[in-house]
Amino acid sequence: MNERQSRVLKKLKEIQRVDGLTTRHLEEIMASADSLERVDADLLPRRFPAVTPEAIDSWLRFERDQPLSARDLFHLESIILPDGARPAFDVLNDSFDTLPSLWQGLNDQRSLLEPIIRGIGRLDLVGHPATRIAGTAFVCGPRRLMTNRHVAEIFTQGVGTGMQLRFSPGITAFIDFKQEVGSSASVVVDITAPLLILEEWDIAVLEISALPLGAAPLPMANTPPSQLLDRLAAVVGYPSFDPGESLRQQREIFRNQFDKKRLQPGRLKGFTAAPSFGRQVQALAHDCTTLGGNSGSAVIDVDSSKVFGIHFDGQPFVANFAVPTWELAADARIRGAGVEF
């Protein structure tokens, strides 16, 4: 078995254990369909993508621990990893519709999650020659935003603090705290200065002109929990179309609507080594579905309703990576930039 096969099988077993994915779910789908080509449209977006007889055969072989071919792995990846297991839900009016029972924990924490959602926005640019959207950022203190260094570098120059930092000539940046699916509403605030860009962690702190009504610094964990593995999590951000990812998967998960605020649930997966500006760092791992525009998104621990990480990168079929907030809480430069924990 090659390395890719081993990774995929390990991931499948994790999903089966955590989310209880079984043959019964496939039987529910089959029972609701006149044929495998016509499946109940209300069931599938919340549970699984369209299935075929070949895909069902592949799942059955996996569940019975029978040998799997490369074609089996293709079917299993397509069904389990990107689609039914880790969806993306629309943020609507700073909240979200009632989610399927698999994500009941988010429904239960709605009143605590809504203030967090209001403090997350999309970084927009004017004057950049190649892009109008940089990524995601969130309120981390009075007139303070946190995002990734690689996001801030799209419109700033320099590393460190103070006079070492400046905006790139001709580019204006602002944050829009709305930009929801099906709505033209905007809550726009100017970004007035880059305050801190770290060398080792993929983190930047920006100054804004004011906090909009209803937005407040997101609660960030300053100490690690006693255990991380498989805690219910959610990323909130603005996934952008990514030409390097599967076109079909992006179309099915995001319905061809990108750069809008989404709630993307998943699980925390402990710690893992990840590259960060020429270094190896111990990143917080998660398996929420993300795309490029999610850079700078808050990774929220649902039970505590606190931010545990700032999403910055990922490796397909392995894990997504986030900067642990407690590592930042111990950094005097971060606190000196006005970030609150």
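Strand 11 is covered on both of its faces in this predicted model. On one side sit Leu232, Ala234 and Val236, on the other Ala233, Val235 and Gly237, and every one of these residues is buried. That amounts to 6 of the 6 residues in the strand. In a regular strand, side chains alternate between the two faces of the sheet, and the two sets listed for strand 11 follow one another in just that way along the chain.

Strand 11 also has partners to pair with. Strand 12 runs antiparallel to strand 11 and is joined to it by 6 bridges. The pairing with strand 14 is antiparallel too, over 4 bridges. Ala234 takes part in both: its bridge partner in strand 12 is Pro265, and its bridge partner in strand 14 is Ile300.

Strand 3 tells a similar story. Here 9 of the 9 residues are buried, so the strand is largely enclosed by the rest of the structure. Strand 2 (residues 120-126) pairs with strand 3 in the antiparallel sense over 5 bridges, and one of the matched pairs puts Asp124 opposite Ile133 of strand 3. The two strands make a hairpin with 6 residues between them, and in the turn Gly127 has a positive phi of about 95°. Strand 4 (residues 144-147) pairs with strand 3 as well, again antiparallel, over 3 bridges. Gly141 has Arg144 of strand 4 as its bridge partner. This second hairpin leaves 2 residues between the strands, and Arg143 takes a positive phi near 55°.

Strands 3 and 11 both feed into the largest nonpolar core, which holds 42 residues. Within this core, the residues with the most contacts are Leu106, Phe138, Met146, Ile203, Leu263 and Leu328. Other elements that give two or more residues to the core include helix 7 (110-118), strand 12 (262-276), strand 13 (279-286), strand 14 (298-301), strand 15 (306-315) and strand 16 (319-324). A separate core of 16 residues lies apart from this one, with Leu123, Val139, Leu145 and Ile175 among its members. In soluble globular proteins, nonpolar side chains tend to be buried together.

Met146 gives a feel for how the main core is put together. Setting aside neighbours within four places in sequence, Met146 touches Thr136, Ala137, Phe138 and Cys140, and also Ile203, Ala204 and Val205. The remaining contacts of Met146 are with Met220, Gly296, Ile310, Leu328 and Val339. Three of the core's most connected residues, Phe138, Ile203 and Leu328, thus turn up in the contact list of Met146.

Helix 7 is another contributor to the core. Its buried residues are Leu113, Ile116 and Ile117. Looking down the helix axis, these fall within an arc of 100°, so they line one face of the helix. An α-helix has 3.6 residues a turn, so residues three or four places apart point the same way. The buried residues of helix 7 pack against helix 6 (104-108), strand 2, strand 11 and strand 14.

As for the rings, the count comes to 5 aromatic pairs. Phe155 and Phe167 are stacked, 6.5 Å centre to centre with 25° between the planes. The pair links distant parts of the chain, 12 residues apart: Phe155 comes from the loop between helix 8 (149-152) and strand 5 (156-157), while Phe167 belongs to strand 7 (residues 166-167). Phe155 is buried at 0% relative accessible area, whereas Phe167, at 25%, counts as partly exposed.

A second pair, Phe308 and Trp326, has ring centres 5.4 Å apart and planes at 80°, so it is edge-to-face. Phe308 lies in strand 15 and Trp326 in helix 10 (residues 325-329), so the pair ties together parts that are 18 residues apart in sequence. Both rings belong to buried residues, with relative accessible areas of 4% for Phe308 and 8% for Trp326. Ring pairs also bring in Phe271, which makes a cluster with Phe308 and Trp326.

Two arginines also find rings to sit over. The charged end of Arg110 is placed over the ring of Phe96, 4.3 Å from its centre. Arg149 lies over the face of Phe277, at 3.7 Å from the ring centre.

Terms used. Residues numbered from 1 in each chain as written. Predicted model: local features only at pLDDT ≥ 70, side-chain atom pairs only at ≥ 80, totals over all residues. Heavy atoms only, no water. Core = buried A, V, L, I, M, F, W, Y, C linked by side-chain atoms within 4.5 Å. Buried < 20%, exposed > 50% of the residue type's maximum accessible area, 1.4 Å probe, protein only. Contact = heavy atoms within 4.5 Å. Pairing = 2+ DSSP bridges. Arc of directions from axis to C-beta. Phe/Tyr/Trp six-rings, centres within 6.5 Å; stacked < 30°, edge-to-face > 60°. Lys NZ or Arg CZ within 6 Å of the ring centre and 35° of its normal.
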